[in-house]
Amino acid sequence: MTAQDHLAILPIVLPLAAGAITLIVDERRLALKAAISLVASVLLVAVGIVLAGLTGDSSVIVYRVGDWAAPFGIVLVVDRLSAAMVLLAAVLGFASLTFSLARWQRAGPRFHTLVQFLLMGVNGAFLTGDLFNLFVFFEVFLTASYALALHGSGEPRVRASLHYITVNLAASLLFLIGVSLIYAAAGTLNMADLARQWREGAVAHRALYETGGAILGIAFLAKAGMWPLCFWLPGAYAAASAPAAALFAVLSKVGVYAILRIGTLFLGADVAASPSPGTPWLVLAGMGTLAYGTLGVLASQNLPRLASYSVLVSSGTLLAAIAIGNAALTGAALYYLVVSAVALSAFFLLVELVDRGRRPGADMLAVTAEAFGAEGDDEDDIGESIQAPTALLGLAFAACAIMMAGLPPLAGFIGKFAMLHALLESETVSITSWTLVALLIVSGFTTIIAMARAGVRRFWASPDASVPHVLVVEFAPVVLLLALCVALTVEAGPLARYLDAAAQALHAPDRYVDGVLSKR
């Protein structure tokens with residue numbers, strides 16, 4: 001292996017090492033734990049940028065764990081899509097950690113350790129080339145997310161988290177059953193080798209293989225928040241602490257990633273029972289999720305619920321788009337995935353700051369008094385209060401509304417317009433395509449209605465509301481993510497071409513398969 005190949009394992013090793021160190025460090029030395037966690041997150045962002053650059057020419061980086069050749073050994077694989085997802089997770093992780101420095105890191109034990117282990121699991125899921133290790137990394141980040149969902153205590157958080165934990169444990173059991181059936185049918189769990197066997201017709205027990213793929217699909221769709229398996233998501237995300245919810249914005253995208261990766265790699269569009277791109281029922285399920293999320297956004301009476309249902313809108317859009325099986329539409333959907341995850345993460349962080357100035361008893365989340373800025377020692381606050389916080393929060397709120405609704409001129413509009421263009425420029429524009437077009441337009445319209453209504457209530461119709469006490473260290477991550485949204489708009493062309501090439505590689509995975517199996 002070359003030195004370049006070793007870079008593939010850094011997104012896993014860095015958060016693993018940081019999590020282990022912060023676990024050992026005494027909980028009273030919080031400043032040291034925060035410094036270690038932030039440094040690791042900055043390095044992770046740098047590694048993500050390097051990996052994205054190295055795969056820019058469609059190269060595939062393969063790391064053989066223990067130098068065992070595939071399919072007998074475990075491999076990590078970096079291509080355009082996995083590099084982009086690692087970078088996305090790293091950026092959201094850095095923003096969430098920075099936001100937590102003001103208060104949330106003190107709301108419960110082992111916060112930094114949990115965040116690092118969650119990032120390790122998410123990155124491992126994006127990079128692994130082995131199905132069983134995909135299951136392992138799923139369990140790593142889910143276990144960390146269970147603790148983060150409960151972080152800060154409070155009865156609403158505990159009740160919502162129990163639903164979240166129960167559903168995901170059931171999905172994990174289905175995941176393990178599906179993996180077992182595929183191994184029984186094909187005798188391997190290496191993704192590239194499974195793709196090779198499927199193309200060559202070498203799968204001994206086709207029915208068992210397809211059954212395993214279908215069960216895997218149910219597990220992934222539950223984690224992606226597909227309706228009707230998404231009943232747990234709005235409550236869990238709305239009740240979670242702000243930095244945890246901002247990180248959770250990428251967790252549903254891991255399920256979408258798994259469906260897209262496995263569906264295009266070794267299940268294939270001709271497997272009618274599988275959750276692969278081109279499957280009609282998955283298109284309908286995605287549109288159902290989009291419609292359900294749209295109704296939830298319109299009905300939401302508080303900001304945390306509005307943000308949570310917006311996650312379902314994003315998931316439904318992505319599931320419906322990738323299920324059609326059009327490479328151009330998949331590329332547009334990947335661009336939308338990136339911008340929606342960044343916008344949602346920024347909005348989850350912003351929600352706490354906006355709700356902090358509401359009148360007492362105005363349906364606030366049940367969290368610790370410390371987390372919502374109760375009076376305490378001034379020396380515990382990091383940074384200084386921002387002047388005119390309400391005006392700044394209002395501007396940030398408006399930017400999030402524009403991004404989430406898909407209005408011009410920001411990147412949310414570009415993502416939705418690219419999907420609409422791909423749908424209507426297809427060789428065969430069916431009733432399904434027109435239905436998805438209508439849903440995309442209606443979802444944007446309802447989102448701007450809901451966001452405008454919420455903005456009026458928070459910033460114009462509450463003259464007796466107190467001015468929120470906002471620290472620089474809390475507002476800076478929101479500004480960072482919104483600035484990234486602007487950058488994604490300005491550099492939309494290069495990013496769209498990068499992700500379109502990633503989509504083309506997904507739908508023609510020969511380079512991925514040959515890159516893994518040639519490393520013998």
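**A chat about one predicted protein model**

Trainee: What share of the contacts with a separation of 6 or more comes from residues 24 or more positions apart?

Mentor: This is a predicted model: local features need pLDDT of at least 70, side-chain atom pairs count only at pLDDT 80 or more, and totals for chains, interfaces and linings use all residues. Residues are numbered from 1 along each chain as its sequence is written, and side-chain values use heavy atoms, leaving out hydrogens and water. A contact means heavy atoms within 4.5 Å. Of the protein's contacts with a separation of 6 or more, residues 24 or more positions apart account for 79%.

Trainee: How many helices does the protein have?

Mentor: Helices (H or I, at least four residues) and strands (E, at least two) are DSSP runs, numbered from the N terminus. Besides two strands, the protein has helices numbering 20.

Trainee: How are helix 1 and helix 2 oriented to each other?

Mentor: Two packed helices are described by the angle between their axes and the distance between the axes. Here the axes (lines fitted to C-alpha atoms over the stretch in contact, with angles from 0 to 180 degrees between N-to-C directions) make an angle of about 180° and lie 9 Å apart. The residues that meet include Leu14 and Ile21 in helix 1, and Ile36 and Leu43 in helix 2. Angles over 145 degrees count as roughly antiparallel, so helix 1 and helix 2 are roughly antiparallel.

Trainee: Is Leu173 buried or exposed?

Mentor: Leu173 sits in helix 6, and joins Leu174, Ile177 and Ile218 in a nonpolar surface patch of about 320 Å². Buried means under 20% relative accessible area, exposed over 50%, and partly exposed in between (1.4 Å probe, protein chains only). Because its relative accessibility is 53%, Leu173 counts as exposed.

Trainee: And Arg110, where does that residue lie?

Mentor: Its phi is near 60°, a positive value in a residue other than glycine. Most residues other than glycine have a negative phi. With a relative accessible area of 31%, Arg110 is partly exposed. Arg110 lies in the loop between helix 3 (80-100) and helix 4 (111-127).

Trainee: What is omega for the peptide bond that joins Pro408 and Pro409?

Mentor: Most peptide bonds are trans. The bond from Trp227 to Pro228 is cis, with omega near 5°, and Pro228 is in the loop between helix 8 (206-224) and helix 9 (233-239). Pro409 lies in the loop between helix 15 (389-405) and helix 16 (411-424). Pro408 and Pro409 are joined by a cis peptide bond, with omega about 10°.

Notes:
Patch = residues over 30% accessible without salt bridge, like charges linked within 9 Å, V, L, I, M, F, W, Y side chains within 5 Å. Areas by Shrake-Rupley, 256 points an atom, 1.4 Å probe, with all protein chains shown as cover. Salt bridge = Lys/Arg side-chain N within 4 Å of Asp/Glu carboxyl O. Parallel < 35°, antiparallel > 145°, perpendicular 65-115°, else oblique.
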